[in-house]
Amino acid sequence: MELCDDKIAGGATTTRIAIIGSGFGGLGAAIRLKQEGIDDFVVFERAADVGGVWRDNTYPGCACDVESHLYSFSFAPNPEWSHSFSRQPEIRDYLRRCAEDYRIMPHLRFAHEVREAVWETDARRWRIETSRGTFTAAVLIVAAGSLSDAAIPKLKGLEKFRGRAFHTSRWEHGFDLAGRRIAVVGTGASAIQLVPAIQPVVDRLYVFQRTAPWIVPRRDRPLDARERRMFRRYPLSQSVRRAGIYWLREILGFAFRHAWAMRYLQIIARRHLERSVTDSVLRRKLTPDYTIGCKRILISNDYLPALAQANVELVTAGIDEVREHAIISDDGVERRVDAIIFGTGFHVTDPPFAAHVRGRDGR
């Protein structure tokens with residue numbers, strides 16, 4: 001393996017460009033630097049492998065909700081995707097392969113958590129404090145990502161809970177869900193993948209919903225050997241497929257800015273709900289009270305049917321308190337649970353990492 005030689009000056013390791021994060025953003029920046037003939041850079045990664053959210057999120061059912069041919073680097077098409085919507089292990093492996101194929105591995109500094117990055121005006125450089133030492137760089141590229149830090153609600157009594165409690169992005173694989181009473185808090189993009197994956201194995205599943213999401217069908221299917229062979233032999237065919245997906249999503253972007261254009265999509269979502277849930281009371285709980293597009297639109301074929309199963313209860317009352325072995329909703333009902341799984345998303349608009357970066361004048 002070729003080595004990226006670090007240079008030591010004034011007690012700090014110097015580099016021209018420092019990149020924080022080795023997910024899609026960090027690797028994309030690193031690869032582009034390589035393509036421009038720039039080799040004097042390092043990529044800081046707090047974990048032990050590349051991949052970002054696709055390394056960290058390993059919960060049952062984890063997959064992408066953007067089609068594979070688009071959810072990949074334009075310069076590194078993958079003709080071997082197994083489904084139109086890729087599963088987490090495939091995306092993680094794709095990113096690792098890109099890091100290897102484009103010779104980014106020697107530039108990676110694993111287990112280097114960036115604790116502070118400060119711009120030094122007089123020296124015209126960034127001083128970067130990591131868990132493994134100090135670095136300086138002329139250019140800093142922050143690719144820490146907006147889905148890096150889990151958002152867990154501050155629930156009264158949570159610290160007293162005797163069962164297991166964890167976020168979907170920190171899945172505890174040693175915990176066996178079979179025959180357990182599980183509470184899933186949240187009904188966002190992660191939860192709607194998780195719920196149908198664990199529903200068949202748990203004894204009882206309580207899904208706590210604050211706001212009903214609009215859900216449309218997931219047009220997912222396996223990509224057979226014939227299609228993959230065509231993409232290998234004729235790369236242009238995959239580029240055409242990618243372009244088609246791109247422009248369809250651009251049209252959707254137009255619809256987001258014009259409410260009248262969303263009516264058709266809302267009809268599709270409503271019909272999807274009606275076909276999936278026959279119980280009128282449950283269907284009423286799952287019907288959003290806002291125009292589609294005001295919150296993230298979710299895609300799933302199996303989430304709504306999973307909620308209709310006999311061992312699942314959709315709870316629309318808020319959580320008042322957590323006790324040693326139960327959750328008390330604000331309507332006074334106590335539900336005993338063995339584990340609480342938070343599908344409550346991430347700090348997107350208030351990323352904690354932002355507090356560790358200081359630019360000119362200490363801002």
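This section describes two sheets, a helix and a pocket in a predicted model.

An open sheet is built from 5 strands in the order 8-17-9-10-13, and the pairing is parallel. The edges are taken by strand 8 and strand 13 (312-315), each of which has a single partner strand, so one side of each is left without a neighbour in the sheet. From one strand to the next, the twist averages 15°.

The pairings within this sheet can be followed strand by strand. Strand 8 (164-167) runs parallel to strand 17 and is joined to strand 17 by 4 bridges. Within this pairing, His167 has Phe342 of strand 17 as its bridge partner. Strand 17 (339-342) also pairs with strand 9 in the parallel sense, over 4 bridges. Here the bridge partner of Ala183 is Ile340 in strand 17. Strand 9 (181-185) and strand 10 (204-208) run parallel and are joined by 5 bridges. Arg181 stands opposite Arg204 of strand 10.

Helix 4 packs on the sheet, where it touches strand 9, strand 10 and strand 17. The direction of helix 4 makes about 165° with that of strand 9. Of the 8 residues of helix 4 (residues 191-198), 7 are buried, so the helix is largely enclosed by the rest of the structure. The buried residues are Ala191, Ile192, Gln193, Leu194, Val195, Pro196 and Ile198. Their packing partners include strand 9, strand 10 and strand 17, and also strand 12 (298-299) and helix 9 (303-307).

The side chains of strand 17 are divided between two directions. Ala339 and Ile341 point one way from the strand, whereas Ile340 and Phe342 point the other way; all are buried. Phe342 is also one of the residues in contact with Pro153, together with Leu158 and Thr344, when neighbours of Pro153 within four places in sequence are left aside. Pro153 lies in the loop between strand 7 (133-142) and strand 8. With a relative accessibility of 29%, Pro153 counts as partly exposed, because the buried class ends at 20% and the exposed class begins over 50%. Pro153 and Ile192 of helix 4 are 39 residues apart along the chain, and their C-alpha atoms are separated by 18 Å.

Helix 4 also contributes to a pocket. The second largest pocket holds about 260 Å³ of space. Its lining consists of 14 residues, among which Gly61, Arg87, Gln193, Arg218 and Asp302 lie nearest the centre. Helix 4 supplies 4 residues, the largest share of the lining. Gln193, a buried residue of helix 4, is thus also among the residues nearest the centre of the second largest pocket. By residue class, the lining divides into 6 nonpolar, 4 polar and 4 charged.

A further open sheet has 3 strands in the order 14-15-16, with antiparallel pairing. Strand 14 (319-322) and strand 16 (334-336) are the edge strands, and each pairs on one side only. In this sheet the twist averages 25° from one strand to the next. Strand 15 (residues 326-329) pairs with strand 16 in the antiparallel sense over 3 bridges. Ile328 stands opposite Glu334, which belongs to strand 16.

Note on methods. Residues numbered from 1 in each chain as written. Predicted model: local features only at pLDDT ≥ 70, side-chain atom pairs only at ≥ 80, totals over all residues. Heavy atoms only, no water. Buried < 20%, exposed > 50% of the residue type's maximum accessible area, 1.4 Å probe, protein only. Contact = heavy atoms within 4.5 Å. Pairing = 2+ DSSP bridges. Axes fitted to C-alpha atoms, helices over the stretch in contact; angles between N-to-C directions. 1 Å grid on protein atoms, 1.4 Å probe; cavity = no way out; pocket = protein on both sides within 12 Å on 5 of 7 lines; lining within 4 Å. Points joined across faces, edges and corners; volume = space filled by probe spheres on them. Nonpolar A, V, L, I, M, F, W, Y, C, P; charged D, E, K, R; others polar.
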